[in-house]
Amino acid sequence: MLTRRGLLTAGTAMLAAPRSFAASARRKPNIIVIYADDLGIGDLSCYGATRFRTPNLDALAARGVRFESGYATSATCTPSRYALLTGDYPWRASGTQILPGDAPAIIRPGRFTLPSMLKRAGYATGVVGKWHLGLGDGKVDWNGEIAPGPLDIGFDYGFYMPATLDRVPTVLIENRRVVGLDPADPIRVDYKAKIGDEPTGFDNPGLLKFRGDPEHSNTIHNGISRIGYMAGGKAARWVDEELTDVLLGKAVDFITARKDNPFFLYFAMNEPHVPRAPHTRFVGKSGRGPRGDTIIQLDWTVGELVSKLEALGIADDTMIIFSSDNGPILFDGYEDRAVSLNGAHRMSGRFRSGKYSIFEGGTRVPMIVIWPGNARAGHVSQAMVSHVDLIASIAGLVGEKLPRDQAVDSLDLLPVLLGRSDHGRDHVVQDTKLMVTTGTTVASSGARILALRHGDWKFIRASVEPHEFHGNQIGTLPRHQLYNLASDPGERDDLAAKDPKRVAQKAAMLDRIERS
Ligand code: NG6
Ligand code: CA
């Protein structure tokens, strides 16, 4: 296959030019990307989960294409989202690792992105939910105009959290302003030293709903200690238990107001990322504790959004792509009993490990595409696709061209996304990068860890990075590893010593892709 970077790899034929599905539709379809946070490929009942059910996502899968080899580019959030929006693998750029809540914007204004391309194609474009791609130019002014941000890279509308649920500031931003901010109570944020006089998890553990590890033991808001210190902005802070309803409301408002013309909505949900504080109506519903309960909340919320499309009469004109930014994890900083209550639930299905890992569980995620009348209902695809491919595939759909030097890793796989072809990628690069922390959990150099899946072969490049983080195996060894995913999807039987020739080939191929 010829990638946009011009690398010729053996083994697969070029895809036929995508058919013009758009032409058969009444108009350009609305496009909704629903991106879950830390949801594993084994977390939905349509992917084999048996300990609880996800009826709304199962129904979605039954009406569309369900992928068994759908990949986020990376095993953590920021890099996967960077790739989703830009069409570049994140490891081509520096600064694309997990960002603090006060980091500058990493996708710079004016850059060619999925939303900017769709805007050019006549779409109204919006983001609702988790951002975590940085804001501002250095020091963000939380009390003034927040820029650059989503509005500077192609979104017309944004209603979003700056980073993650577990990072300060715990406030929502609409377009360029913090929502509900009282100017008399300005927000201050510091990731290094304590500011203000609010209690912290370190000093006041008695105030907590559940305890955090040292990284998650800074300012307490809503009974949850966060990463980072914050003061002020009291009236603007979110209530974790109500946040998903607030975001759903904004997503519904966005589509309702724009239903008569094509729109693109990037709905970046938080479930089941930590801290897991579901609404009371979902508490106890999964029988697996708060992690399962937030998955039930996610499933219900997706169902509501789909019902809204139906009520508005636009469900048939809407393509929905559902996926997750990286694999799953039980303990990720809070003692919320996820580990003890998980029981026999297999978050990554038959794959090994999850979030942070270079094993399949890190990046092979649930992925469902529906578009009534266009995407094949009920098709289960084994084709390899990556989120990095969305931009080129959607460009083909809406008749836009990619600039030569942009979205360099993105392949037009529209027929694959619609279940009309099972010829996906012949290879995909996976990556992870650990945080460099001074806490007790990990001492990483912050180096990228890369792997290559090529056909059924999985090559993991040698790395001296730590082998474990938060209970998930990262998959690193100081020597190269080789697995055959067809016979060994759980990556247990390292064939590197038996097949040094193949190891050398894959190592060279990954080097070539990296340099291309
Ligand atoms: C890590 C946090 C983790 C989570 C993650 C981001 C520590 C020890 N761990 O650094 O709890 O917030 O960042 O998750 O601080 S992600 O899904 O947004 O990538
Ligand atoms: Ca994530």
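**Figure 1. The annotated domain in the predicted model.** Over residues 29-399 the chain is 22% helix and 18% strand, and the end C-alpha atoms of this stretch lie 12 Å apart. The boundaries come from UniProt, where an unreviewed entry places the feature "domain: Sulfatase N-terminal" at residues 29-399. The structure shown here and in the following views is a predicted model.

**Figure 2. The open sheet of 10 strands and a helix that packs on it.** The strands of this open sheet follow the order E6-E5-E4-E3-E11-E1-E12-E13-E2-E14, and their pairing is mixed. Strand E6 (177-178) and strand E14 (379-386) are the edge strands, each of which pairs on one side only. Helix H2, made up of residues 55-62, packs on the sheet, where it touches strand E2 (65-71), E12 and E13, and the direction of H2 makes about 60° with that of E13. Two of the strands touched by the helix are also partners of one another: strand E12 (residues 318-324) and strand E13 (residues 367-370) pair in the antiparallel sense over 3 bridges. Within this pair, Phe322 stands opposite Ile368 in E13.

**Figure 3. Two cis peptide bonds in the loop between E11 and H6.** Most peptide bonds are trans. The bond that joins Glu271 and Pro272, by contrast, is cis, with an omega of about -10°, and Pro272 is found in the loop that runs between strand E11 (263-268) and helix H6 (289-311). A cis peptide bond also leads from Val274 to Pro275, with omega near -10°, and Pro275 likewise has its place in the loop between E11 and H6.

**Figure 4. Positive phi values at His132 and Asn175.** Most residues other than glycine have a negative phi. His132, however, has a positive phi near 60°, and this residue lies in the loop between strand E3 (124-130) and strand E4 (157-161). His132 counts as buried because 27 C-beta neighbours lie inside 10 Å, where the cut-off for a buried residue is 20 or more. Asn175 has a positive phi as well, near 55°, and is located in the loop between strand E5 (173-174) and E6. With 17 other C-beta atoms within 10 Å, Asn175 is partly exposed.

**Figure 5. Strand E16, enclosed and paired with E15 and E17.** Strand E16 (residues 448-454) is largely enclosed by the rest of the structure, because 7 of its 7 residues are buried. In a regular strand the side chains alternate between the two faces of the sheet. In E16 both faces are covered, since Arg448, Leu450, Leu452 and His454 on one side, and Ile449, Ala451 and Arg453 on the other, are all buried. Strand E15 (residues 427-433) pairs with E16 in the antiparallel sense over 7 bridges, and within this pairing Ile449 in E16 is the bridge partner of Thr432.

**Figure 6. The hairpin of E16 and E17.** E16 and strand E17 (residues 457-460) pair in the antiparallel sense over 4 bridges, and in E17 the bridge partner of Leu452 is Phe459. The hairpin has 2 residues between the strands, and Gly455 takes a positive phi near 60° there.

How values were computed. Residues numbered from 1 in each chain as written. Chains lettered and ligands numbered in written order. Predicted model: local features only at pLDDT ≥ 70, side-chain atom pairs only at ≥ 80, totals over all residues. Pairing = 2+ DSSP bridges. Contact = placed C-beta atoms within 7 Å. Axes fitted to C-alpha atoms, helices over the stretch in contact; angles between N-to-C directions. Buried ≥ 20, exposed ≤ 12 C-beta atoms within 10 Å, placed from the backbone. UniProt positions renumbered as here; feature names shortened; annotations may be inferred.
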